[in-house]
Structures are given as structure tokens and as C-alpha cells.
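Grab a pencil and open your viewer. Here are some exercises to work through, each with a solution laid out step by step.

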Amino acid sequence: MKRTTKHKSPKKENKRTAYLKRSDRSSILHETIAQWPLQVIDIPKAKITLNYEGKKTVAECIATVPDAILLEVKSYGQIGFHDDPNLLIHGDNLLGLKALVTKCGLKGKIRQVYIDPPFATGLEFRSGNGRVATISSGNGDNLAYSDKMVGSEYLEFIRERLIFLRDLLSDDGTIFVHNDYKVGHYIKILMDEIFGEKHFINDITRIKCNPKNFSRKGFGNIKDLILFYSKSENFLWNEPRVEMTKEDIERLFPKIDSGGRRYTTTPLHAPGETSNGATGQPWNGLFPPSGRHWRVPPKELTRLDKMNLIEWSSTGNPRKKIFAEEVLSKGKKLQDLWELKDPPYPRYPTEKNFELLKRIINATSDPGDIVLDCFSGSGTTLLAAEMLGRRWIGIDNSVLAIQATIKKLREVPNLSEFTVYECEAIDKKLHKGTNQ
Ligand SMILES: C[S@@+](CC[C@H](N)C(=O)[O-])C[C@H]1O[C@@H](n2cnc3c(N)ncnc32)[C@H](O)[C@@H]1O
């Protein structure tokens, strides 16, 4: 497998976050290095809220999570690419997220979060003998994970984790929550409550599979959705551009000049009158149409005309020529409909498309940043982060998921160091595990 970005992360002295220094790793894990700041969770009051039975206050959500310890199991990969090892945590993610704050001091340090939680399907997902299966009752294969939690219990399960994730995100960080048409609209309201409606950026429609002939009444479902929120207005954004297709070029640049170059034209004026400035003045005796102004001053219009960059219609209306080659190299803006189907032969149930994760990570983080997935499954996010030179943290409470992740990552040449931890409640009686 080939890396797309140089692996070693750049030195960012002030930005680096040392979360588990190699020298004192084992001692640090059993102490609390940062108190959970109960009072300082600054979630603004939402205008529209979702009410359901068993909904706790934010303070209760935080206070009811017991303290956890991280027990080091084993390290893989090569020391030296990053200041700290990446982390793969086996255990309930609510405990794991709290431990990231209290044991690793990562509050406000995560640049990018992607989660793909169970979708409340009522099913069990199994895996064995190199195949995966979705079934509602047991068979010979091993249980990968159970998705039996539904209704208000499910929503509160997601909400509790979102509260912790928001606190872990840096102020310029972003979160992507992958879900489907059955639960997505409820989760949207919860995310509006936690992250603020004004920080909702996109609801990405993802084409997940080929059309199917469902027997049930209604339209076939071939999409799921990804909710994209930022923590603040000032979030990191590396504009993704996509290559134009031949059809795009023919549609957008329908004209061909005498030299065989494709082009289109755009108006030279824009809405709004300029009362005093140059863009309201006549050009060669021609005024901008009423209620409009020239896009550039008349002097610049003359220069463009001399360069043969203005086309005159038969009625004497000038328009600016835009050539396909000027725009081609920049590519086109990526829209919110993504056709990135999941692997046809997954190694883990509900394993997601690798290119999907690369796209998200590239757009919202830089090399060296920390990417977190606390429903990491077979580690698709972690692999994408690794390949793109990001640091990463994965949490999953399924043994099969942790095994699949280790297997996937160990196929990467020059893998950076990662350490597997077991995460356990200090007082196990206080924590009823989920899912397993
Ligand atoms: C939909 S799968 C994620 C698949 C993943 N995106 C991939 O590409 O392989 C959801 C994962 O969440 C894990 N999970 C569910 N509840 C959890 C919890 N409370 N703590 C940690 N992991 C949990 C499951 O074990 C499962 O692996």
C-alpha cells in the first residue's frame, strides 16, 4: 500500500500535543492528570430541542461516567514518526473519551472526529471464516457487534458521546457523524443542541450501494447521510477540488473559438449602481445597464478588449470570455452528493469506504493533527489518517474490531507506532457496558 502524503508530520512547536510521552507513559495512565471541568461545558441553550424519556442534563451526562484506567497491552509500528504513539483503545467509548480528557489531557486538542456508530437497526453483525454477515439471531460466526439499542435509549447513548466529543475537539475542529435515514433526523436535532445550529455545515448524501429491488412498499434506499458540524465558525478547511469530466467541460464551455479553444462568456456588469466610482462611468460611450455597475473599471475593460478577451454580441452587448483551460487546472468545487460505495467484500461488518474517509480527513485536518474515531470498527478512519500522515486515536468495544484494525494497519509499510490499551472502569460496578 502506498502513502499519498509524506509520513513524517511537520514540526508545529506551539500546536503539538504531547498526550502520552514515551518516558512516562505507564505511570501517567493511572493518575488523573486533568480534572473534568464539570462547570465549564459551555454548550449554549438551543432554541429547538428534542425531548424523550430518560434525557439527562449535560452535567448529569458527564457526572455519571465513572473514572477509567487505560492498561497498556502492546505496541506496533516504528517509533519516531510522531512525538506520541497513536492509540487504539479497546473498551466502551464513553469511558475511553473520558480517559482521553482525564488521563491524556486531550480536551480541546482533537482536530477532526469521524464516527460511524450503530444505526439502531435491531440487528447483530457477525463475522467469521473470512466473511461477514448481518443477521437477527445467532449462528456459528463470532459476534462483531450488536446493534440492538433503539429509541430514546439509543438517542441518549449517541448524545452522551457527542457531549464528550465536543469537549475534545479543538476550537477549529470539525465532526462528521455517519448515520442513516431512520435515525439521522433525530441525531441532527441533537447535534444542533450540542454544537449549535449555526455550526451545521453540511448533510452529505452518500450513495452507499447499487439500486436494490426491495419488496417493501416505498422507494429503494441507496443512500445514507453524514452530518458535518464545526465547533466554531473558524474551522480548518482545505477546499477539496475534483477534476472536471468531459461532459462538465462540454456543458460549461459550449463555445469554440477559431483556435479550437473551448470557452463560455459571463456578463461584464453586476447588480447595484455605483454613484461616484469608476465602475459607474461610461466605457467607449456605453453605460452599464440601469441598476448595475461594471465588474471592473473602464480602463481594465479596454485592456481586456485589446487582449481579445471580450466577445461582442450582434446587438453590441459585451461579455467576458472564460476559457476552459483557465478553470480546468483548479478543478470544480465538491458538492454534497458523494458516490463512494462500501467495499463489496468487507473484512468487518459495515466497513466503510476508504476513499470516503480520506476525503473527510484531507478536507478538515492537516498532517500531524489528531483524528479521532470512537466507533472505529475495522479501523478505516485510522488507516486513512495513518496514510495521510495524521496522528490518530481509535476506540471500539469489539474484540473482532480491534483484531481487524491491527491486521489492517500492520499491512502498512513504515507504519508509525501505535499502542493498544484496555480501557476499564476503575469500579466496574459503576459501569454497565454497552453493545457486547
Ligand atoms: C458501524 S461499525 C463501524 C465500522 C467502521 N466505520 C469501519 O469502517 O470498519 C460501529 C462500531 O461501533 C462499535 N461500538 C458500538 N458501541 C460501542 C461502544 N459503546 N463503545 C465502543 N465501540 C462501540 C462496534 O463494535 C462497531 O465496531
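Helices here are DSSP runs of H or I with at least four residues, strands are runs of E with at least two, and both are numbered from the N terminus. Keep in mind that this is a predicted model.

**Exercise 1. Get an overview: how many helices and strands are in the protein chain, and what percentage of its residues is buried?**

Start with the elements: the protein chain has 11 helices and 21 strands. Next, take burial, where the cut-off is 20 or more other C-beta atoms within 10 Å. By that rule, 35% of the 436 residues are buried. Finally, look at the contacts with a separation of 6 or more: 73% of them link residues 24 or more positions apart.

**Exercise 2. Find the largest nonpolar core and say which residues have the most contacts inside it.**

First, the background: in soluble globular proteins, nonpolar side chains tend to be buried together. The largest core here counts 73 residues, and Leu168 and Met191 have the most contacts inside it. Helix 4 (residues 151–168) supplies the largest share of this core, eight residues.

Now zoom in on Leu168. Skip its neighbours within four places in sequence, and its contacts include Leu97, Leu100, Val101, Ile110 and Leu372. Lys107 also turns up on that contact list.

Then check helix 4 itself. It's mostly covered, with 13 of its 18 residues buried. Its length works out too: at 1.5 Å a residue, 18 residues should span 26 Å, and the end C-alpha atoms are 26 Å apart, so the two agree.

**Exercise 3. Run the length check on helix 11 (residues 399–410), then list its buried residues.**

Step one is the expected span: 12 residues at 1.5 Å each, which should give 16 Å. The calculation multiplies 1.5 Å by one less than the number of residues. Step two is the model, where the end C-alpha atoms of helix 11 are 17 Å apart, in agreement with the expected value. Step three is burial: the buried residues of helix 11 are Leu400, Ala401, Ile402, Ala404, Thr405, Lys408 and Leu409.

**Exercise 4. Trace the pairing around strands 8 and 9: which pairs run parallel and which antiparallel?**

A reminder before you start: strands of a sheet pair through backbone hydrogen bonds, either parallel or antiparallel.

- Strand 8 (residues 200–207) and strand 9 (residues 223–230) run antiparallel, joined by seven bridges. Asp203 has Leu227 as its bridge partner in strand 9.
- Strand 8 and strand 18 (residues 337–339) run parallel, with three bridges. Thr205 is partnered by Leu337 in strand 18.
- Strand 7 and strand 9 run antiparallel, with six bridges. Phe176 faces Phe228 in strand 9.

Is strand 9 enclosed or open? Seven of its eight residues are buried, so the rest of the structure largely encloses strand 9.

**Exercise 5. Place Asp172: which element holds it, and what does it touch?**

Asp172 lies in strand 7 (residues 169–179). It has 17 other C-beta atoms within 10 Å, so it is partly exposed. Leaving out residues up to four places away in sequence, Asp172 touches Ser232, Asn234, Phe235 and Leu236. Lys231 is 59 residues away from Asp172 in sequence, yet their C-alpha atoms are 6.3 Å apart.

**Exercise 6. Lay out the open sheet of four strands and name its edges.**

The order is 11-12-16-15, and the pairing is antiparallel. The edges are strand 11 (255–256) and strand 15 (310–312), each of which pairs on one side only. Inside that order, strand 12 (residues 262–267) and strand 16 (residues 318–323) are joined by five bridges. Thr265 stands opposite Lys321 in strand 16.

**Exercise 7. Asn308 and Thr350 have a positive phi: is each buried or exposed?**

Most residues other than glycine have a negative phi. Asn308 has phi near 60°, and so does Thr350.

Asn308 is in the loop between helix 7 (298–306) and strand 15. With 9 C-beta neighbours inside 10 Å, Asn308 is exposed. Thr350 is in the loop between strand 18 and helix 9 (354–364). Thr350 has 21 such neighbours, so it counts as buried.

**Exercise 8. Describe the shell around the ligand by class.**

The ligand is surrounded by 21 residues, the closest being Tyr145, Phe375, Gly377, Thr380 and Ser398. Sorted by class, the shell has seven nonpolar, nine polar and five charged residues.

Notes: Residues numbered from 1 in each chain as written. Predicted model: local features only at pLDDT ≥ 70, side-chain atom pairs only at ≥ 80, totals over all residues. Buried ≥ 20, exposed ≤ 12 C-beta atoms within 10 Å, placed from the backbone. Contact = placed C-beta atoms within 7 Å. Pairing = 2+ DSSP bridges. Near = placed C-beta within 6 Å. Nonpolar A, V, L, I, M, F, W, Y, C, P; charged D, E, K, R; others polar. Core = buried A, V, L, I, M, F, W, Y, C linked by C-beta atoms within 7 Å.
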